Amino acid sequence: MTTATKRKAPKLTAKERVTNEMIKRLEESISNGDPVAPWQKPWKADSYDVTVPTNAITKKEYNNSNFVLLSIMGTFHESNMWAGFQQWSKAGYKINKGSKATNIIRPMSFIDEKTKGTDEEKTITFFKAESVFNYDQVTYAGEGIDPIKATAENKPDKKTRSWNPIKRAEKIAS
């Protein structure tokens with residue numbers, strides 16, 4: 001009797017996992033017939049009510065490919081606040097049952113031991129996948145009121161510009 005051997009799927013890099021997640025979400029959006037595709041801007045050009053994906057705990061805005069990915073994922077959530085499992089836990093939140101994480105990538109770097117301390121010191125950079133959850137996927141389990149909700153309720157409705165983008169564009173074009 002022969003036994004079937006299982007072949008393991010090749011391990012995907014962090015970039016490949018994030019790319020696959022983006023493609024999956026785009027395909028879902030198209031197949032669902034969503035009126036606004038995730039790659040289209042969901043806001044009106046004349047308003048400045050644009051939400052930038054932000055880490056709920058550190059308050060740092062996500063950038064580069066994480067900005068794009070979380071902006072796309074943000075169309076599935078009302079909040080633009082994201083954080084990792086450990087960050088949510090330490091802040092007193094619990095991940096809701098059935099919630100699925102979104103993978104983002106984080107650059108990591110270290111100095112090559114072979115070149116450390118020499119004139120040709122090399123820094124090696126690689127990407128690590130990290131899982132984050134949206135604020136809509138967590139429940140505050142700490143004492144008192146939910147600090148993120150309380151902060152969000154005290155923010156002004158819209159950001160205001162001190163300049164007119166149309167006039168600025170006309171000035172540049174002239």
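1. Let me start with the core. In this predicted model, the largest nonpolar core is built from 12 residues: A14, V18, M22, Y62, L69, L70, I72, M73, W82, I104, I105 and V132. Three elements, α1, α2 and β4, each give two or more residues to this core. The biggest share comes from α2, which supplies four.

2. There is also a second core, separate from that one, with nine residues. Among them are M81, A83, W88 and V138.

3. I105 is a nice residue to click on, as a member of the largest nonpolar core. Setting aside neighbours within four places in sequence, I105 contacts A14, K15 and V18, together with S65, N66, F127 and K128.

4. Now to helix α1, residues 14-32. Its 19 residues should span 27 Å at 1.5 Å a residue, and the end C-alpha atoms do lie 27 Å apart, so the expected and modelled spans agree. After the helix comes G33, with a positive phi near 70 degrees.

5. Which residues of α1 are buried? They are A14, V18, E21, M22, R25 and S29. Because these residues cover an arc of only 95 degrees around the axis, they sit on the same side of α1. A14, V18 and M22 also appear in the largest nonpolar core.

6. Please look at both faces of this helix. The buried residues of α1 are covered by elements including α2 (64-74), β4 (102-111) and β5 (123-134). On the face turned away from the buried side, α1 carries the exposed residues E27, I30 and S31.

Note on methods. Residues numbered from 1 in each chain as written. Predicted model: local features only at pLDDT ≥ 70, side-chain atom pairs only at ≥ 80, totals over all residues. Heavy atoms only, no water. Expected span 1.5 Å × (residues − 1). Buried < 20%, exposed > 50% of the residue type's maximum accessible area, 1.4 Å probe, protein only. Arc of directions from axis to C-beta. Contact = heavy atoms within 4.5 Å. Core = buried A, V, L, I, M, F, W, Y, C linked by side-chain atoms within 4.5 Å.
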